[in-house]
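Please open the structure in a viewer and keep the sequence panel visible. The tour below proceeds by selection, with a note on what each selection shows.

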Amino acid sequence: MATSPKQVVKDILTELPTLLAVAVVETETGMPLASHTNIADFDIETAAAYNTEVVKAKLKAIAALKLNQTVQDILLTLTDQLHLLKLSPKGDQFVYLAVNARDTNLAQARQIMKAHTADLM
């Protein structure tokens, strides 16, 4: 059963209530289709746009290297934050998640993202 971007954001927020930010982003345009942030000055639209460039660059690199692989997820490790990017099965959208590295189990966050991205419409 297909899940809407708004529902994906809501479901991830339910499972990771201490997240910093979450968004479902359109891969082609970089526009967030649904988002939530727990930090007032976190610019989710800017984050979505720049993370779209990361996704596009990685997909382009995989194609150029003729790896015949699909991206499972992309992890960006910052000083005290983890940023995860998880593509939808069709690759037309991705979920962007930012969490505090000290408060979040990476394996758990990846599993939550995988579960909620699988049915993204």
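The stops that follow concern a predicted model.

**The sheet**

Begin by selecting the five strands of the open sheet, whose order is E2-E1-E5-E4-E3 and whose pairing is antiparallel. At the edges are strand E2 (32–37) and strand E3 (74–77), each of which pairs on one side only. On average, neighbouring strands of this sheet are turned by 10° against each other, direction ignored.

**From E3 to E4**

Select E3 together with E4: the two pair in the antiparallel sense over four bridges. A useful position to centre on is Thr77, which stands opposite Leu82 in E4.

**The helices on the sheet**

Next, display helix H1, residues 5–15, which packs on the sheet. H1 touches strand E1 (21–26), E2 and strand E5 (93–100), and its direction makes about 25° with that of E2. Then add helix H2, residues 44–64, which also packs on the sheet. The contacts of H2 are with E1, E2, E3, E4 and E5, and the direction of H2 makes about 120° with that of E5.

**Strand E1 and its two partners**

Select E1 alone. Is this strand largely enclosed or largely open? Five of the six residues of E1 are buried, so the strand is largely enclosed by the rest of the structure. In a regular strand, side chains alternate between the two faces of the sheet.

Add E2 to the selection. E1 and E2 pair in the antiparallel sense over five bridges, and Ala23 stands opposite Ser35 in E2. The two strands form a hairpin with five residues between them. In its turn, select Gly30, which has a positive phi of about 80°.

Now exchange E2 for E5. E1 and E5 pair in the antiparallel sense over six bridges, with Ala21 opposite Ala98 in E5.

**The loop between H2 and E3**

Move to the loop between H2 and E3, where Lys66 is found. Lys66 has a positive phi of about 55° although it is not a glycine. Its relative accessibility is 73%, so Lys66 counts as exposed. Asn68 lies in the loop between H2 and E3 as well. The phi of Asn68 is near 55°, a positive value in a residue other than glycine. With 76% relative accessibility, Asn68 too counts as exposed.

**Ala109 in helix H3**

Select Ala109, which lies in helix H3. Is Ala109 buried or exposed? The residue is buried: its relative accessible area is 1%, and the cut-off for buried is under 20%. Which residues does Ala109 contact, leaving aside its neighbours within four places in sequence? They are Leu16, Leu84, Leu97 and Thr104. For a distance label, choose the C-alpha atoms of Ala109 and Val22, which are 12 Å apart in space, while the two residues are 87 apart in sequence.

**The largest pocket**

Finish at the largest pocket, which has a volume of about 160 Å³. Its lining consists of 13 residues. To centre the view, select Val71, Lys86, Leu87, Ser88 and Pro89, the lining residues that lie nearest the centre of the pocket. Strand E4 (81–87) and helix H3 (106–117) each supply at least two residues of the lining. Colouring the lining by residue class gives five nonpolar, five polar and three charged residues.

Conventions:
Residues numbered from 1 in each chain as written. Predicted model: local features only at pLDDT ≥ 70, side-chain atom pairs only at ≥ 80, totals over all residues. Heavy atoms only, no water. 1 Å grid on protein atoms, 1.4 Å probe; cavity = no way out; pocket = protein on both sides within 12 Å on 5 of 7 lines; lining within 4 Å. Points joined across faces, edges and corners; volume = space filled by probe spheres on them. Nonpolar A, V, L, I, M, F, W, Y, C, P; charged D, E, K, R; others polar. Pairing = 2+ DSSP bridges. Axes fitted to C-alpha atoms, helices over the stretch in contact; angles between N-to-C directions. Contact = heavy atoms within 4.5 Å. Buried < 20%, exposed > 50% of the residue type's maximum accessible area, 1.4 Å probe, protein only.
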